[in-house]
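Ready for a little practice in reading a fold? Keep the structure in view and work through the exercises below.

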Amino acid sequence: MTHGRISGLSRTALIAIIAVVVIVVVVGGVAAYLMTRPHVVPEQTLVVYGPWGVNTPEGQIFLKIVKSFEKEYHVKIEYVGTTDYTTEAQEIMSGSPPFDVVINAEVSLLRQLAEGGYLVNLTPYLEQSGVLNQLIPYYVNYLNINGSIYGVPVDAWTKPGIYVWVSTFEKYGIPLPQSISTRWNWTQFMYYANVLKSHGVIPLGAGAADEWPLVIVYEPIVYSIGGKSLYYAIMCHKISYTSPIVEQTFEFYLALITEDYFGSPAFAASQHFTDVYPLMENGTVAMYFMGDWTPFFLNNYTAAQPIMAPWINPELANQYFVVSSGDWAVVPKDAPGNKTLAIEFVLWLASTGFQEKVLESGWRSISPNKAAMEAAVSGEITVPPASKVVEEWVLQFSNNLLPDIADNMPSQFEYNVFWPTLAKMISNPSGWLNDLQYMEEEANLIYNQTNWDNTYPLCEHVTYTGPYVYTGPMYNVPQILKSNGIPLPSWQTNS
């Protein structure tokens, strides 16, 4: 036997063979393990900016519902709550937005971004998925630009009229309309408001410290006097604030103030909009012109019942209007993450499945998804009773949905002129004619500066062809103002 060899093999060669065998066995074992273990896909992330704060009830519901999307698509939604829409728009235009999806309500900004080529055209995806056929056209049309859809409606809200505290009405024997066909006229509304006053109850909540709730009082007065035509004319400034018919709409608003239906000026001016809810619960206030988010904020879906605002013009008594808008989701063309996944997410937000969960939760009373609302009305899904009433109205009167009259004015006019003037009239109704003159001067300036006719889609083709004086019943409103020392316009005092 030769030293250093084993059966004709050198020791070195044998060690090398053994090493190779060990490596093959190990590699094979690893390969077998990788083939048999579950396939793990790295979790992706979508950054979503929306208008609901993370720690608010709305934000919490949203995050809870989207968990099913996270699970199905193996994705983590990183949600940021913000209403700084201007900054969002600037970030999109920069080409380096920090988000993949944006949800917000500023339609004019979103349209500008779409027209500038900064957003993904969602039309083919909406059509292929079948989601487009589920949606109510009114909500889709907000971001339909020349036949292309750049945003999907992910929620909707309404301002259906008045929310009444049911137990207060029952306590004082005031009957509630049981159907739209029995809704009050202005005379009945004033009568029941006086009954409440006689019992020491303040008829109406104001929320005037926030200013915008007073718009919800003014809107139904406008469409109850002049319908859609007058409503759009005021929104788009196609009629002067000093026109007699516009002055008449403000006379009805002033009558509520001078009759102390909001309580004392100091009381009304002190309330933020959420302050009214406990005042309703303790019996201090009976009614509130407010949106369909009321039961959600009350966390009580049976105590407050929605009724349609009273009609004024007998010629419009059988026309039913509902103010409605919502929030839209868009995908920036330069979204930093998985754009395909971002599109899937916004389609999912508009889908019947997501929308049914929203309605069932009570977060929203209505949906831009017609199929989801039909499921709620038919009883296929269970929703709060107050929601079902509004859903039936929207489905039935979808041709008479109206945009928010103030939100569709130039923002500097809305925030700096329109809202504050409505609030100012609460404390100083006698100066109303000067206030309207001021609004007219500011409107002429701001609407012209912003080129609103040519830049804002809802106002592009609006013209006013209706009467410039309302000749229907005034329900003693001018006399109420006069008896309270409120000046009337010269055309009214001279007639």
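## Two helices and a sheet

Helix 17 and helix 18 lie oblique to each other. The exercises start from this pair, in what is a predicted model.

**Exercise 1.** Work out why helix 17 and helix 18 count as oblique to each other.

*Solution.* Begin with the axes: those of helix 17 (residues 370-378) and helix 18 come within 10 Å and cross at roughly 130 degrees. Next, compare that angle with the cut-offs: 65 to 115 degrees is roughly perpendicular and over 145 is roughly antiparallel, so the angle belongs to the oblique rest. Finally, add the hand: the crossing of the two helices is left-handed.

**Exercise 2.** Find the residues that make the contact between helix 17 and helix 18, and sort them by character.

*Solution.* On the helix 17 side, pick out Lys-370, Met-373, Glu-374, Ala-376 and Val-377. Helix 18 contributes Lys-388, Glu-391, Glu-392, Val-394 and Leu-395. Sorting them gives 5 nonpolar, no polar and 5 charged residues.

**Exercise 3.** Trace the open sheet of 4 strands and name its edges.

*Solution.* Read the strand order first: 10-11-9-12, with mixed pairing. Strand 10 (202-205) and strand 12 (304-308) each have a single partner strand, so they stand at the edges with one side left without a neighbour in the sheet. On average, neighbouring strands are turned by 30 degrees against each other, direction ignored.

Now look inside the sheet: strand 9 (residues 161-165) pairs with strand 11 (residues 285-290) in the antiparallel sense over 4 bridges. There, Ile-162 stands opposite Phe-289 of strand 11.

To finish, return to helix 18 (residues 385-396), which packs on this sheet and touches strand 9 and strand 12. The direction of helix 18 makes about 20 degrees with that of strand 12.

Note on methods:
Residues numbered from 1 in each chain as written. Predicted model: local features only at pLDDT ≥ 70, side-chain atom pairs only at ≥ 80, totals over all residues. Heavy atoms only, no water. Pairing = 2+ DSSP bridges. Axes fitted to C-alpha atoms, helices over the stretch in contact; angles between N-to-C directions. Contact = heavy atoms within 4.5 Å. Parallel < 35°, antiparallel > 145°, perpendicular 65-115°, else oblique. Left-handed = near helix turned anticlockwise from the far one by under 90°. Nonpolar A, V, L, I, M, F, W, Y, C, P; charged D, E, K, R; others polar.
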